[in-house]
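Please open the model in a viewer and keep the sequence at hand. The tour proceeds by selections, each followed by a short account of what is found there.

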Amino acid sequence: MDGAEAFATLRESEFDLVVSDVDMPRLNGFELTAKIRANKKLADLPVILVTALESRQDRERGIDVGANAYIVKSSFEQSNLLDVVRRSL
C-alpha cells in the first residue's frame with residue numbers, strides 16, 4: 001500500500017494507530033502524517049514512523065509533521081516498537 005492508498009483507507013475505516021514507513025510512492029510518510037494531522041477526524045490518531053532515514057533533519061521533520069514517534073530501522077528492536085505502540089494507545 002502506498003501513502004495515498006493508506007490515507008484513503010484511514011478516511012474510510014476506524015484505526016487505533018498508524019505505523020508507517022517514510023519512503024513510499026505517491027505520498028511519503030511525512031506527507032501522510034501531515035494529512036492525518038490536518039484531517040479533523042484523524043488528527044488525534046497516533047502515528048509512528050519507522051524508517052531507514054536516520055539524519056537529525058529527518059527525525060526533526062517527522063516530529064514537526066506530527067509523528068508521535070520516529071523509529072530508525074538500523075536500531076530497530078521489536079520490543080522498542082511494542083513499547084512505543086503501548087504508550088501511544
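The following stops treat a predicted model, beginning with its sheet.

**The sheet**

Select the three strands of the open sheet, whose order is β1-β2-β3 and whose pairing is parallel. Residues 18–20 form β1, which, like β3, is an edge strand that pairs on one side only. On average, and with direction ignored, neighbouring strands of the sheet are turned by 20° against each other. Now restrict the view to β1 and β2, which are joined in the parallel sense by three bridges. Here S20 may be found opposite L49 of β2.

**Strand β2**

Next, select β2 alone, which spans residues 47–51. How many of its residues are buried? The count is five of five, and the strand is thus described as mostly covered. Display the side chains: V47, L49 and T51 point one way from the strand, while I48 and V50 point the other way.

Remain in β2 and select T51. Its relative accessible area is 1%, so T51 counts as buried, the limit for that term being under 20%. From T51 the side chain reaches the backbone nitrogen of L53 at a distance of 3.0 Å. Which residues does T51 contact, once neighbours within four places in sequence are left aside? They are D21, V22, Y70, I71, V72 and K73.

**Helix α2 on the sheet**

Add helix α2, residues 29–38. This helix lies across β1, β2 and β3 and runs at about 175° to β2. Helix α3, residues 56–64, also packs on the sheet; α3 touches β2 and β3, and its direction makes about 150° with that of β3.

Within α2, colour the buried residues G29, F30, L32, T33 and I36. Why do they lie on the same side of α2? They do so because the arc they cover around the axis is only 160°. The cover over the buried residues of α2 includes α1, β1, β2, α3 and β3.

At the N-terminal end of α2, select N28, which caps the helix. A side-chain oxygen of N28 lies 2.9 Å from the backbone nitrogen of F30.

Then move to T33, also in α2. Is T33 buried or exposed? With a relative accessible area of 0%, T33 is buried. Apart from neighbours within four places in sequence, T33 is in contact with V47, L49, V65, G66 and A67.

**The nonpolar cores**

Finally, turn to the largest nonpolar core, which has 18 residues. Which of them touch the most other members? They are L10, L32, I36 and L49. Two or more residues of this core come from each of α1 (3–12), α2, β2 and β3 (69–72). Apart from this core lies another, of eight residues, including I48, I71, V84 and V85.

As a last selection, centre the view on I36, one of the buried residues of α2. With residues up to four places away in sequence not counted, I36 touches F7, L10, V18, L42, A43, L45 and V47.

Key: Residues are numbered from 1 along each chain as its sequence is written. This is a predicted model: local features need pLDDT of at least 70, side-chain atom pairs count only at pLDDT 80 or more; totals for chains, interfaces and linings use all residues. Side-chain values use heavy atoms; hydrogens and water are left out. A nonpolar core is a set of buried Ala, Val, Leu, Ile, Met, Phe, Trp, Tyr and Cys residues joined through side-chain atoms within 4.5 Å. Buried means under 20% relative accessible area, exposed over 50%, partly exposed in between (1.4 Å probe, protein chains only). Helices (H or I, at least four residues) and strands (E, at least two) are DSSP runs, numbered from the N terminus. Contact means heavy atoms within 4.5 Å. Two strands pair if DSSP finds at least two bridges between them. Axes are lines fitted to C-alpha atoms, for helices over the stretch in contact, and angles run from 0 to 180 degrees between N-to-C directions. The arc is that of the directions from the helix axis to the C-beta atoms. A polar contact is a pair of N or O atoms within 3.5 Å; within protein, one must be able to donate a hydrogen and the other to accept it, and residues adjacent in sequence count only if both atoms are side-chain atoms.
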